[in-house]
Amino acid sequence: MKQNKPILLSRVTAASYQGDDDLTYFFILFAAALIAAVSFVFYQQRHIDKKQSRMKKIPALPSSVTFSSRSIHAIPARVDAELNGSRENELQSEGDMKRNLLVVDDQYAIRKMLSEVFIARGMAVFEADNGFDALEVCKSRDLDCILLDLKMPDMDGIEILREIRSISVDVPVVLLTAYASPEKMNEAIELGISNCFTKPFDILELQEEIARTIDQRQLKITG
């Protein structure tokens with residue numbers, strides 16, 4: 001019996017060591033899981049902060065336009081009555097005479113957005129996604145204004161503008177561009193543009209500019 005006591009004690013000691021190892025392993029796993037959870041929360045918070053910071057840099061947009069995740073995809077939801085009421089009254093007082101606007105842009109989302117915005121203002125809007133179609137509309141319609149994108153796939157805006165001037169020397173043309181070299185801008189001015197808007201543009205400013213340009217054209221015709 002005396003000889004069995006050391007053996008029994010060694011087994012108890014070994015079991016005690018094994019229990020300590022399991023406990024240590026458990027605490028290591030727990031600490032690793034806790035660190036991972038804290039890191040995940042910290043990463044998510046930084047991601048949200050960066051997203052909010054980017055959103056602050058985007059200029060405020062009118063409530064009449066809603067944008068999807070891509071800033072170029074814009075669809076007008078409604079027209080602000082306070083901004084457009086006076087213009088609609090003017091159109092009605094003139095016998096509901098439609099103003100003819102041509103929108104020339106190869107980007108479908110921008111073209112459709114502009115079309116819907118100006119249709120809502122009481123204008124008749126024609127669309128073209130290339131220079132050839134734009135020139136066909138110019139030949140077949142009496143246009144009051146043309147919104148022309150400078151960068152087009154088949155011919156650039158300067159070429160289209162040059163052809164437009166061979167059809168009509170006085171129809172107002174407003175350029176839309178993401179970037180234009182000084183040489184192209186000088187040529188566009190020489191060909192007679194009314195204004196130029198840089199993308200991304202303020203839709204309210206563009207609406208007012210087109211309305212003002214068409215009004216001035218109508219005054220010249222009737223005056």
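Q: How much area does the chain expose, and what share of it do carbon and sulfur atoms supply?
A: This is a predicted model, in which local features need pLDDT of at least 70 and side-chain atom pairs count only at pLDDT 80 or more, whereas totals for chains, interfaces and linings use all residues. Residues are numbered from 1 along each chain as its sequence is written, and side-chain values use heavy atoms, with hydrogens and water left out. By the Shrake-Rupley method with a 1.4 Å probe, where for residues only the protein chains shown count as cover, the exposed area of the chain is about 14700 Å², and the share from carbon and sulfur atoms is 58%.

Q: What pattern do the helices and strands follow along the sequence?
A: Helices (H or I, at least four residues) and strands (E, at least two) are taken as DSSP runs, numbered from the N terminus. The chain has seven helices and seven strands, and their order along the sequence is α-β-β-α-β-α-β-α-β-α-β-α-β-α.

Q: Is strand β3 (residues 100-104) largely enclosed or open, and why?
A: Buried means under 20% relative accessible area, exposed over 50%, and partly exposed in between, with a 1.4 Å probe and protein chains only. On one side of β3, N100, L102 and V104 are buried, and on the other L101 and V103 are buried too, which leaves both faces covered. Because five of the five residues of β3 are buried, the strand is largely enclosed by the rest of the structure.

Q: Which residues are the bridge partners of L101 in β4 and L102 in β5?
A: Two strands count as paired if DSSP finds at least two bridges between them. β3 runs parallel to β4 (residues 124-128), to which five bridges join it, and β3 also pairs in the parallel sense with β5 (residues 145-149) over four bridges. The partner of L101 in β4 is V125, and the partner of L102 in β5 is I146.

Q: Which side chain makes a polar contact with that of R121?
A: R121 lies in the loop between α3 and β4, and it counts as buried because its relative accessible area is 3%. A polar contact is a pair of N or O atoms within 3.5 Å; within protein, one must be able to donate a hydrogen and the other to accept it, and residues adjacent in sequence count only if both atoms are side-chain atoms. At 3.0 Å, the side chain that joins R121 in such a contact is that of Q207.
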